[in-house]
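Got your viewer open and a selection box ready? Let's take a walk through this one, stop by stop.

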Amino acid sequence: MPRLPLLCLLLAAAPLLQAQGAGRERPDHAERREEALLAWSGGRPDLAYLDFKARAAAKEVEAWRPSFTRAAAAGPVWRNLGPFHQTVLRTAPDNDGGRVTALAVHPTNPQILFVATQSGLFRCANADPAASGDWVWESLADALPSSSAAGNLSIGAIALNPADPDTIYAGMGDPFGPDSRGFYASHDGGATWSAGVLLGNATRTLDILALDADVILVGTNAGLWRSTNGGLTFSNLVLGGSQLGNAWSIRALSATDLVCTRGSQIFWSADRGATWTAAALDASVTGLGPSRITVEVSPASATRVWGACNQGGNVARGLLKSGDKGHTWTFVPAPNQAGGLFQGSGWNGDPTNPGSPDMPYDGGQGTYNQGLAVDPVDPDRVFLGANLALYRTTNGGASWEQLTHWAGFTRVYSHADLHATAWSKAGPKTLFLGSDGGLGILRQPDRASVPSAPWDVRVASDPAFLDHRRNKGLATQLIYHLGSTPAATPADARFRITAGLQDNGIIVRQDEGQGLAASGFFPEAVQANGDSLAGDGFGTVIHAVNGDLMLGVEQFNFTFRSSNGGQTWALSQAGLPSPGDSALWPFLSRLVLGGADPTGNTVYTPGRTGVWKSTNFGQSWSALPMGGYNPAFIIRNLAASKSDPLSLCVVTGGNTGFVTGDGGATWTQFGTIPNSGSNLSSAWFDTMDASTLYVASTALNATTNHLWKSSNRGATWTALDTASNGFPFGIPMQVIQNAPWDRAELFAGTDLGLYRSTDGGASWARYGAGLPLVGVRDLYMDPAGAFLRVATWGRGIWELGLGAAVLAVTPDAPEPDAAGTVQFAATLGGAAATVAWSVQEGAAGGTISAAGLYTAPAGAGTFHVIAMEAANPSNTVSRPVKVWRPADADANGVVDVLDLARLARAFGTVTGQPLFDGDTDLDGDGLVGDADAGRLLARIQ
């Protein structure tokens, strides 16, 4: 019986899942996540580094401009796999997307909508909420030469020129990270962009208000800025005697009357923002002690202004109100009312008392979420959302009603963490919502009868009321890690993908009917009771032999396992102490496959100072001994050798790491890593040689290296990135791997894209066409050589097809003695290959049998063994063979000091000189030198 699509199975089981009860997913922790991401890169970058990084991004765009255009590609081309369709199985057909930072609607054409994210700007030209077909999204800034602390574009706010909506303004720097710099404008609908001036020390854009083609105000983390020439120049305005502080929110009540908030203060202007006066806040407002205030207005009133603010770590339960254009303010508290503001239902906190307010965490993360909107027709109708639900008042805050729920219990689903709102300017009155789950559309904001359901029951999706389907086609997910597999079973296993997302849990690729290889359908991962793997999803892996087995880990190491191809998941933590304990586990939790285990059952997960191992693919875990490891160093990442099951490596804080060759019983600290700015991010064992290691760094430092190689298990290191070898020097690197089929072919995932070297790191080039200027966080290479996959920070998953399976030949570069032998082997797609063997130099270079047994010639030199695929003669691989003369120069049957003395006598001589000794010229290059001495010393007995 063929396997039914996951969506069909879950929908059929929905009544059972609801009867079992759910609603116990873990929400994300925005503050902890920001702390972890800052620690990952070493803190906030300084202004000089951000400006350096932007220049580096511009340089890469200019150097590789054709590679950003798929149509102009002459080589391999990247294909975006999405997620284009991230179904929320709990409330299908709802769909999530990546984090939205800002929204803008066209003033006259209701079909045009702009969405800004932490990775770009997107435009939809058929944004009709009533349409039954899918919306089509277009990326407008794939090669915009801006860069953030995360590498790629990070937009904090956008606005359209009301007189010319083809003019778009974009301010860099997400209000909650990553930091970025600059103000950009497009005058052709986003086709081309020009850079404006830097806004002082600003690194985050909080709001933009464009009054007309000339006057633009920009709120930043370095105060309020104003331009009177369309953004060509800006001045830093004085508010309350200061030019500094977070200018969170700017709104216009008329062509002249404006309101702005900065920190705990509110200001008003009557001259288009030229000058500002501090508003009078009564004790009910100042007593809240706010540090962030958001204000909104309605075209229906030229005097009324509403505000939301934090009160400590929560959003204040009520509204700030002004009836005189923002000159004076008071606080309107929400009543103590079940289902009222931040007192909604559906959390399952108290199942014995279903009528009570039971979402104790709603209103949390008070500076992160302040989604506020005021009805454009009725100024007493206000909408306010924070971290779990959206609420509405129709009477100026006298009473409130819950409209949505973050998991779809008792109210319709709308993703948690509401940040941005925008009203339609034409067509039916519509409220657009931007959250950490993408775009939501409140199509009936005036609907009196809100869709609801009994206690602890998920409400069916109702797109006529709130449409959460329009993220389909919008690939904006912030991806930490991806999982893939070379497994032969099931038949579609090699096209399976899992991914860990920021605030969207774990997702699993599924077939939508056109074959898995063509699918951009990534529904959320769910447990058997219907709960999702919500919050932040991090490490995820798929079994190397059985593609039905999958593992995923959430924040602070909550580990889940699936044995049915991702259809359902269950906690799998036997032997893991106290998941959720931040003293034991990192927020950015990880899983690493033991690649040298032919069964595929070995998996590792690193804690803060220890490593746990599973030999049954996550069913149970045990701690490694960690002998010799210094617990003063916090583990940041782990690598497991694919050639030696006992070799592991961890990179740590403090610019160092540890390596073990006995499965974790004893660990040895790295030698000094030269010119490092610390913040090691990843490690990698050469797939063919466990003595060769690579490590990378995310340091926000323009003068240090970010990639090193060691040929002696970390004792000494050599930098591989320079300012002149094609690598974007000074740019953080997230992942480094060598090709399974070639030790010299390296792939580096950087903050500006993927780079490739074919000569062991001596030179580099940006790889493939069509990949945006985006941070690459993870990498998977098909062992058969058919494709690469990368996980990006904000643009989803991309795949680059490499064509036919790669012919792999081992060993890579053997060095036998003269007349010695080497056994070569060839594989195609991981299976033994039928090849014709030959020696490029003919008999002078040795001989090789049909079975691949090479016999070196009597003389020294470098020769080449050729493998040619029998079924495809154009598919050939060459391997160098360096043949040495025997180190036993005096032919007495032992390599000893007599041979060394003979070499020493001839050292430094060349062919033709009197003391030259051909028997001690071991490499046959006509010089008795260092290479010959090294070879002899390595073999001396």
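What volume does the largest cavity have? About 370 Å³. Before you go looking for it, keep in mind that this is a predicted model. Colour the chain by pLDDT to begin with: the mean is 90, and 94% of the residues reach 70 or more. Now select residues 1-24, where the pLDDT is below 50. That stretch has 43 contacts in the model beyond near neighbours in sequence, so treat those with the low pLDDT in mind, given that pLDDT is the predictor's confidence in each residue.

**Stop 1: the largest cavity**

A search of the whole structure turns up five cavities of 30 Å³ or more. To get to the largest one, select Leu 37, Gln 118, Gly 177, Pro 178 and Trp 793, the residues of its lining that lie nearest its centre. The full lining has 25 residues. Next, show helix α3, residues 30-41: seven lining residues come from there, the largest share. Colour the lining by residue type and you should get 12 nonpolar, six polar and seven charged.

While you're here, zoom in on Pro 178. The peptide bond from Gly 177 to Pro 178 is cis, with omega near 5 degrees, and Pro 178 sits in the loop between β9 (164-172) and β10 (183-186). For another cis bond, jump to Ala 92 and Pro 93, where omega is near 15 degrees. Pro 93 is in the loop between β2 (86-87) and β3 (95-96).

**Stop 2: the second largest pocket**

Which residues are closest to the centre of the second largest pocket? Select Ile 208, Leu 209, Arg 251, Glu 296 and Lys 425. The pocket has a volume of about 1,300 Å³ and is lined by 47 residues. Several strands each give two or more residues to that lining, among them β4 (100-105), β12 (205-210), β16 (247-252) and β32 (418-423). By type, the lining divides into 30 nonpolar, nine polar and eight charged residues.

Now pick Asp 417, in the loop between β31 (412-413) and β32. Asp 417 is not a glycine, yet its phi is positive, at about 70 degrees. Is Asp 417 buried or exposed? Buried, because its relative accessible area is 1% and the cut-off for buried is under 20%.

For a second positive phi, go to Ala 819, in the loop between β62 (807-810) and β63 (821-823). Its phi is near 70 degrees. Ala 819 counts as exposed because its relative accessible area is 54%, over the 50% cut-off.

**Stop 3: a strand residue**

Select Ser 322 in strand β24, residues 318-322. Ser 322 has a relative accessible area of 0%, so it is buried. Show what surrounds it: leaving out residues up to four places away in sequence, Ser 322 touches Thr 303, Arg 304, Val 305, His 327, Thr 328 and Trp 329. Try a distance too: from Ser 322 to Gly 307, C-alpha to C-alpha, you should get 8.4 Å, with the two 15 residues apart in sequence.

**Stop 4: the largest nonpolar core**

This core has 22 residues, and those with the most contacts inside it are Met 733, Ile 736 and Trp 764. Show α4 (47-63), β52 (689-697), β55 (733-739) and β56 (742-750), the elements that give two or more residues to the core. The largest share, five residues, comes from α4. Centre on Met 733 and look around: beyond four places in sequence, its contacts include Ser 681, Ala 696, His 706, Phe 727 and Ala 748.

**Stop 5: the loop between β50 and β51**

Two residues are worth a click here. Asn 679 is in the loop between β50 (668-669) and β51 (680-686). Its relative accessible area is 13%, so Asn 679 is buried. Its contacts outside the local sequence include Ala 39, Trp 40, Ser 41 and Gly 42, as well as Arg 636 and Ala 696.

Gly 671 is in the loop between β50 and β51 too. Which residues does Gly 671 contact, leaving aside neighbours within four places in sequence? Gly 714, Ala 715 and Trp 717. To finish, draw a line from Gly 671 to Met 868: their C-alpha atoms are separated by 42 Å, and the two are 197 residues apart along the chain.

Conventions
Residues numbered from 1 in each chain as written. Predicted model: local features only at pLDDT ≥ 70, side-chain atom pairs only at ≥ 80, totals over all residues. Heavy atoms only, no water. Helix = DSSP H or I, 4+ residues; strand = E, 2+ residues; numbered from the N terminus. Buried < 20%, exposed > 50% of the residue type's maximum accessible area, 1.4 Å probe, protein only. Contact = heavy atoms within 4.5 Å. 1 Å grid on protein atoms, 1.4 Å probe; cavity = no way out; pocket = protein on both sides within 12 Å on 5 of 7 lines; lining within 4 Å. Points joined across faces, edges and corners; volume = space filled by probe spheres on them. Nonpolar A, V, L, I, M, F, W, Y, C, P; charged D, E, K, R; others polar. pLDDT = per-residue confidence, 0-100. Core = buried A, V, L, I, M, F, W, Y, C linked by side-chain atoms within 4.5 Å.
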